[in-house]
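Subject: Structure handover

Hello,

Here is the structure for you to look through. My notes follow below it.

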Amino acid sequence: MSKRVSRSSRTMANLAGIVVFLLCVFPVYWMVNTSLLTRREIRSPDPTWTPLGGTLDNYRRVFEGGQFLDALRTSLMVTLATVVVALAFAFLAAVAVARFRFRGRRSFVVALLLIQMIPVEGLFISQYKMLESMQLLNTVLGLTIVYVASVLPFTVWTLRGFVAGVPYELEEAAMMDGCSRFQAFFKVTFPLLAPGLVATGVFGFIQAWNEFTLAVVVMTSDQKKTLPVWLSTFTDVNRGTDWGAVMAGSTLIAIPVVVFFLIVQGRMVSGLTAGAVKG
Amino acid sequence: MTTSGPSRPNRPGSLLPLGLLVPAVAALALALGYPLVRQVILSLQEFGLAQQFGKPAEWVGLQNYRDLVADPYLWKVVVRSVVFCLVNAALTLVLGVGVALLMRQMSKPIRILVQSGLLLAWAMPVLAALTVWQWLFDTQYGIVNWLLTHLGPDFAGHSWLLEPLSFFFVATVIVVWMSVPFVAFTVYAALTQVPEDLIEAAELDGAGPWQRLRAVILPTVRPVLLVVALLQVIWDLRVFTQIYVLQKAGGVTRDTNLLGTYIYRLGIGGGDFGTAAAVAIFMLVLTVVLTAPYVRMMLRQEDAA
């Protein structure tokens, strides 16, 4: 395609590309920049464009009072529990769907697709009532229960692709060499699934770590906020927002997600539209 | 995704695969199935503050729904949600497809630059992105007001969230900024699959760039565009986080509620769980109707695989 593009349209495209790049990157840059500025620089009439001679004061303030650490602990517990449980449950289901033929298999797949599209906003009222009656509001267990269900469909769907991607013939060969069905699966297929499990697990981590709606519904008490809910309280209208600290908090929350996302995105992008792309 | 289909010839009636499904099905039934049933029941009951404090809920049949249909405010929220959804989805699609088409024309280093920028925006957690944009649009020290004031109009001290229209403008900027990367990447991936000789043949036949785009390129990526558009509509109909947070940051709740925040305010905010459940059911039905074509499309691929 490079031959066909005329020089003038290439220059135009390059210029537009630089604008797109700036629009994407500037907010992120501004977050990091502000997080390193002093209060005086943030509140000056003219913006300070670079954090040269900056300060880590904002980060110190984030850790003050322990609320950030409380939220970090809650977020980590919920996220890790969600990932571990969802991955285990999804793995079993994915093996069943990808390796067996049974009645109800298709209905299960249809159900997964449908469930994946259910908006949490359409269900959180009764999820709240359920957790309330189970006395699980403001508990890690309660939030984990609803998170597992919301991560599960996509996890099964993606893992199924990974399991199906390992040729069954490999297992057959192992069985021919005297392995039992289970041995064949766990010695041959399972190791080949490791990258898929890691990618899917990281994806679940990102989802649970970022989730806001259910967190704000289930975790109402101040001591039980997850990181996103904690962050959201800073910009409430009636408190003079300490933008330096908010930006430092945003940066801290974003770092693990951005790193993880860059690692797995290639594997995940295909998931949603797989097949349609093949044309 | 290469799905070769299930090839294991297992004995009929084997219970093993069903056993493997039990944990997943149980988790979904507990956290989604049970609440769904309960929500239908709740929507048929009078369940307000009195019930919250122990008074048994009273069956009212379809009364909650009848009240809602008669309530002009609900329709306002519905129309607002649909318009917001369509505007956001359309903007996201146009910009996403535009960026994808541009990426074909760029020189390679610039393309890599653009792709890393898009990836960064895509990777940002919702709440982090949301707070940064609030800071950019901040009334007193925000850089948007500073920039506009320097360009001419006096925006010093302008509050972006007070006016509903301006509130939705900010929300749209944030939603679109976060959604364009997905569309751009997906469509670009599809564009790279368009056979080069097809485009060249069209060019030899005298088709200009615009004709090539309309007659050759877009039809080839049509299936992808359809899926992306549908997903975008479904996602933008349920926007909650951005609206909720911006409302708390200074928006007028009543004038800026969309379906998601309306349900939240009715139920968890106001204690009227019966009505909230009815609105939620309405939203679910709307989503199912919108989702049906997507599910059908995915299933066709599933059967073809």
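**Leu152(A) and its helix**

Leu152(A) sits in helix H7 of chain A. Helices here are DSSP runs of H or I with at least four residues, strands are runs of E with at least two, and both are numbered from the N terminus.

Before going on, some ground rules. This is a predicted model, in which local features need pLDDT of at least 70 and side-chain atom pairs count only at pLDDT 80 or more, while totals for chains, interfaces and linings use all residues. Residues are numbered from 1 along each chain as its sequence is written, and chains are lettered from A and ligands numbered from 1 in the order in which they are written.

Is Leu152(A) buried or exposed? Leu152(A) counts as buried, because it has 28 C-beta neighbours inside 10 Å. The cut-offs: a residue is buried if 20 or more other C-beta atoms lie within 10 Å of its own, exposed if 12 or fewer, and partly exposed in between, with C-beta atoms placed from the backbone.

What does Leu152(A) touch, leaving out residues up to four places away in sequence? In chain A, the partners are Ala86(A), Phe89(A) and Ala90(A). In chain B, they are Ala24(B), Ala27(B) and Leu28(B). Contact requires C-beta atoms, placed from the backbone, within 7 Å of each other. Val83(A) is 69 residues away from Leu152(A) in sequence, yet their C-alpha atoms are 9.4 Å apart.

Leu152(A) also marks a kink of about 40° in H7(A), shortly before the proline Pro153(A). The bend at a residue is the angle between axes fitted to the seven residues ending there and the seven starting there. The span of H7(A) still agrees with expectation, because its 26 residues should cover 38 Å at 1.5 Å a residue and its end C-alpha atoms are 35 Å apart. That expected span is 1.5 Å times one less than the number of residues. H7(A) is mostly covered, with 24 of its 26 residues buried.

**The loop before H7(A)**

Two residues are worth a look in the loop between H6 and H7 of chain A. Gln135(A) lies in that loop. Its phi is near 55°, a positive value in a residue other than glycine. Gln135(A) counts as exposed, because it has 9 C-beta neighbours inside 10 Å.

Asn138(A) is in the loop between H6 and H7 too. Its phi is near 60°, again positive in a residue other than glycine. With 17 C-beta neighbours inside 10 Å, Asn138(A) counts as partly exposed.

**Chain A as a whole**

Chain A has twelve helices and zero strands. Its radius of gyration is 24 Å, well over the 19 Å that the globule rule gives for 279 residues, so chain A is more spread out than a compact globule. The radius is taken over C-alpha atoms, and the rule is 2.2 Å times the number of residues to the power 0.38. The C-alpha atoms fill a box of roughly 75 × 65 × 35 Å along the principal axes. Of the 279 residues, 47% count as buried.

The domain assignment, automatic or from a database, gives chain A domain 1 (7–55) and domain 2 (65–270). Their C-alpha centres lie 33 Å apart. Seven residues from domain 1 and six residues from domain 2 make the contact.

**Chain B**

Chain B has 15 helices and two strands. Its radius of gyration is 24 Å, where a compact globule of 305 residues would have one near 19 Å. Of those 305 residues, 42% count as buried.

Helix H8 (residues 164–191) of chain B has a kink of its own. The kink is about 35°, at Ser179(B), shortly before the proline Pro181(B). The span of H8(B) agrees with expectation, because 28 residues should cover 40 Å and the end C-alpha atoms are 38 Å apart.

**Where the chains meet**

How many residues of each chain are in contact with the other? The counts are 90 in chain A and 94 in chain B. H1(A) gives the most to the side of chain A that touches chain B, with 16 residues. That side divides into 64 nonpolar, 19 polar and seven charged residues. Here Ala, Val, Leu, Ile, Met, Phe, Trp, Tyr, Cys and Pro count as nonpolar, Asp, Glu, Lys and Arg as charged, and the others, Gly among them, as polar.

Best wishes

Conventions:
Contact = placed C-beta atoms within 7 Å.
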